[in-house]
2 protein chains.
Amino acid sequence: MTEASGPGGPPSPQAGRPAPRVRLVDVAREAGLSKTTVSAALNDTGRLSPEVRERARETARRMGYRPNATARHLRAGRARLIGYVVGELADAPWTFLESPYFARLTGATAASALGRGYAMVLLPAGSLQSEWAALPLDAVVVADPVADDRIVEDLVAARIPVFSDRSVEGLPEAHWVDVDATAAVHRTLDHFAAQGARRPALVVPDSTTRFHREVFAAHHDWCAAHGLPELSVRAAEPGNGPVVRAVETALTAGPERPDALFVVAEASPPLLLEAARRHGYDVPGDLLLACVSEDETALHTQPPVTTLSLRPDAVAEAGIELLVAVLEHGQRETGGVLVPVRLDVRASSVRNPGTSGAAARSQSPNTSAPPT
Amino acid sequence: MTEASGPGGPPSPQAGRPAPRVRLVDVAREAGLSKTTVSAALNDTGRLSPEVRERARETARRMGYRPNATARHLRAGRARLIGYVVGELADAPWTFLESPYFARLTGATAASALGRGYAMVLLPAGSLQSEWAALPLDAVVVADPVADDRIVEDLVAARIPVFSDRSVEGLPEAHWVDVDATAAVHRTLDHFAAQGARRPALVVPDSTTRFHREVFAAHHDWCAAHGLPELSVRAAEPGNGPVVRAVETALTAGPERPDALFVVAEASPPLLLEAARRHGYDVPGDLLLACVSEDETALHTQPPVTTLSLRPDAVAEAGIELLVAVLEHGQRETGGVLVPVRLDVRASSVRNPGTSGAAARSQSPNTSAPPT
DNA sequence: GTGAAAGCGCTAACAA
DNA sequence: TTGTTAGCGCTTTCAC
């Protein structure tokens with residue numbers, strides 16, 4: 001129990017019924033002041049004598065006064081509430097949280113928002129007008145919209161500012177933050193090549209997300225530029241089942257076996273390792289393995305798995321910063337923000353087992369091993 | 001683009017600046033009616049002639065009118081907004097989303113709430129007064145509070161209704177929904193015993209969550225009642241690293257090796273399997289394995305891992321139902337709700353490999369294999 | 001069947 | 001330095 005419920009608390013503390021909430025006017029009357037004065041005292045505005053200010057505050061505290069946020073918001077013209085929705089996975093509207101990437105992006109967005117004074121409400125993937133129409137949203141963050149996403153269209157039509165990835169570039173009241181997918185692919189494939197891989201394969205879900213389309217294109221370009229065969233398999237959907245099946249196809253389908261595998265999908269790293277072994281591969285002996293993942297299980301396998309982090313925390317941070325700039329300072333001219341990825345090289349993609357430590361990490365400048 | 005931005009839309013559609021929002025009074029003026037009438041028409045209340053009702057609606061639609069939710073909420077006296085916070089893992093306030101259990105609980109709570117017209121805002125684990133004080137919360141859901149949780153105390157002091165687990169029983173304005181932890185432990189250990197296990201070991205995090213304490217106590221009781229040794233190891237924290245280490249301790253520490261292992265912590269099933277193998281166990285030959293998990297990777301390992309589901313969806317559903325009953329119908333007398341668990345028996349805990357299918361599943365009445 | 005007016009709780013002009 | 005008053009946008013008696 002805290003002070004608020006102590007003696008001198010709200011009227012009739014032990015009354016059984018709802019007990020009406022203390023309003024500003026109640027505090028004012030009790031303190032023998034006006035609403036204005038009490039309001040100014042609590043908000044630290046206006047010119048008040050120290051004694052009066054203190055008296056007002058003390059009375060408010062004693063009475064357990066808590067300002068009515070809704071009334072403040074009505075007055076202020078905005079509710080400091082933002083929506084968060086993902087475009088992908090609309091057929092199972094809440095599964096996105098089970099993906100380590102979206103889990104982190106979601107948490108980091110909520111955290112950044114709260115840090116700037118905005119609350120974040122969770123909306124189902126692919127959500128409909130009817131699900132958010134009644135909410136006083138100041139803006140909506142749309143993570144990974146699919147091509148021609150209805151959510152984005154509806155938000156624009158409702159004139160609610162949208163914060164999303166680069167696919168919304170050019171739309172009115174839409175702003176973007178994106179990850180550098182091309183750099184992600186190139187860096188990983190360069191790393192494979194540096195380790196001597198000649199037949200790197202790619203597994204990517206068959207989605208219309210900007211990220212996945214860019215990955216696919218970047219892979220194509222890289223293979224062409226390096227004169228290497230373009231080995232890729234598209235998983236029917238994200239999710240462990242389909243991705244593992246796609247991996248198995250990639251590992252067994254061709255006439256020659258691949259010597260490196262880059263999985264650009266949220267699949268459990270231990271599961272990928274197990275799948276490779278099931279098909280007779282030694283990692284990293286026969287197959288270099290890397291995957292795009294925020295899943296910390298990658299650290300706990302034998303060998304640990306190389307991952308490419310999409311930096312959800314940085315993306316969220318940049319997105320909320322942009323949001324606040326737009327909402328509060330009316331910023332309009334923004335080219336958007338591009339966040340760099342991070343390759344964490346681990347033993348699963350390093351040929352020479354003897355140098356898996358410091359030597360392997362020097363592979364990339366912004367590579368680092370998380371401090372477990 | 002939808003109709004709202006078509007011809008006849010809001011005033012000056014292509015004006016570069018903010019463009020003030022259409023209010024009820026604007027619609028009323030445009031339609032030559034009063035605010036009252038338009039409001040009644042849009043909310044389907046009052047006695048209006050069909051023509052007038054239609055005219056009001058049509059005008060509103062044409063002008064792209066969207067009611068101001070904040071004003072409605074102020075009028076209504078509540079914001080239809082609930083908070084969601086977890087008590088555990090307060091030292092890393094957002095990691096809870098990375099646990100499949102909390103990810104599902106969170107999503108399911110948001111979904112149920114939205115279905116009943118409430119938006120859910122995400123709060124950091126162990127959050128402070130200052131983080132939610134400015135939000136117009138009608139209630140807060142506190143998942144798995146730790147013993148004497150500050151959040152619960154603060155909410156009670158602020159007189160915000162709390163919905164949590166059974167540990168809040170008896171507090172004013174607090175209501176509970178819980179999972180039957182004792183049944184969970186007993187059912188799993190009974191299953192092990194039926195498979196011939198004589199030395200089942202338990203791994204559980206060292207937390208003060210009601211669930212974990214109840215699990216520990218239930219294990220103690222069960223072992224005593226069955227005259228079997230009480231083998232248990234407490235992981236320093238939840239999370240894959242500490243739990244895997246605790247598992248390794250459980251598998252190697254004693255003079256005799258355990259013949260079954262029940263992991264009551266969110267660890268990745270493939271990782272558990274790998275750990276067991278690393279220490280020379282064949283699963284299920286030498287060791288029956290089961291874990292409390294909502295992680296679908298359990299289905300994709302060889303052998304698939306037996307899991308005990310804490311039914312986060314059912315818990316969320318029951319919790320929101322209770323919340324709505326309390327908030328909207330003033331329900332006060334409630335004993336709380338106890339949700340049953342579900343044991344999904346799979347090959348990892350079945351001795352006879354030949355009967356891993358139907359025979360194994362008949363082990364428990366409400367067991368079922370998810371329809372992947 | 002329709003409209004005028006009060007008021008939800010707060011903040012900020014403007015007066016005193 | 002402090003108080004009076006208007007008004008944010010909406011719903012809802014209560015007259016007409």
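I started at the interface of chain A and chain B and got 8 residue pairs in polar contact across it, both partners at pLDDT 80 or more. I'm keeping in mind that this is a predicted model.

Next I asked which elements of chain A supply that side. Those giving two or more residues to the side touching chain B are α4 (69-76), α5 (100-115), β2 (119-122), α6 (129-132), α7 (150-157), α10 (240-252) and α11 (269-278). The largest share is from α5(A), with 7 residues. Sorting that side of chain A by class, I got 33 nonpolar, 13 polar and 12 charged residues.

Then the salt bridges. How many does the rule find across the interface of chain A and chain B? I noted 3. The pair I wrote down is B:Glu98 with A:Arg104, whose closest N and O atoms are 3.4 Å apart.

For the overall extent, I have 58 residues of chain A in contact with 58 residues of chain B. The buried area between the two chains comes to about 4,900 Å², and carbon and sulfur atoms give 64% of that.

On to the annotation. UniProt, in an unreviewed entry, puts "domain: HTH lacI-type" at residues 22-76 of chain A. I checked what the chain does over residues 22-76: 71% helix and 0% strand, with the end C-alpha atoms 21 Å apart.

Now the DNA. I counted 21 residues around DNA strand C, and the closest are A:Leu24, A:Lys35, A:Tyr65, A:Arg75 and B:Thr37. What share of the strand C atoms within 4 Å of the protein is sugar and phosphate? My note says 63%.

I looked up some phosphate contacts too. In chain A, the side chain of Arg72 has an N or O atom 2.8 Å from a phosphate oxygen of DNA strand C. The side chain of A:Asn43 likewise has an N or O atom 3.2 Å from a phosphate oxygen of the strand. From chain B, I have a polar backbone atom of B:Ser34 at 3.3 Å from a phosphate oxygen of strand C.

By element, two or more residues of the surface near DNA strand C come from each of α2 (35-43) and α4 of chain A, and α2 (35-43) and α4 (69-76) of chain B. I see α2(A) giving the largest share of that surface, 4 residues. By class, the surface near strand C has 7 nonpolar, 8 polar and 6 charged residues.

One cross-reference to close the page: α4 of chain A is listed both on the side touching chain B and on the surface near DNA strand C.

Notes: Residues numbered from 1 in each chain as written. Chains lettered and ligands numbered in written order. Predicted model: local features only at pLDDT ≥ 70, side-chain atom pairs only at ≥ 80, totals over all residues. Heavy atoms only, no water. Contact = heavy atoms within 4.5 Å. Buried area = accessible area lost by both parts, 1.4 Å probe. Salt bridge = Lys/Arg side-chain N within 4 Å of Asp/Glu carboxyl O. Polar contact = N/O pair within 3.5 Å; in protein donor to acceptor, adjacent residues only side chain to side chain. Nonpolar A, V, L, I, M, F, W, Y, C, P; charged D, E, K, R; others polar. UniProt positions renumbered as here; feature names shortened; annotations may be inferred. Near = heavy atom within 4 Å.
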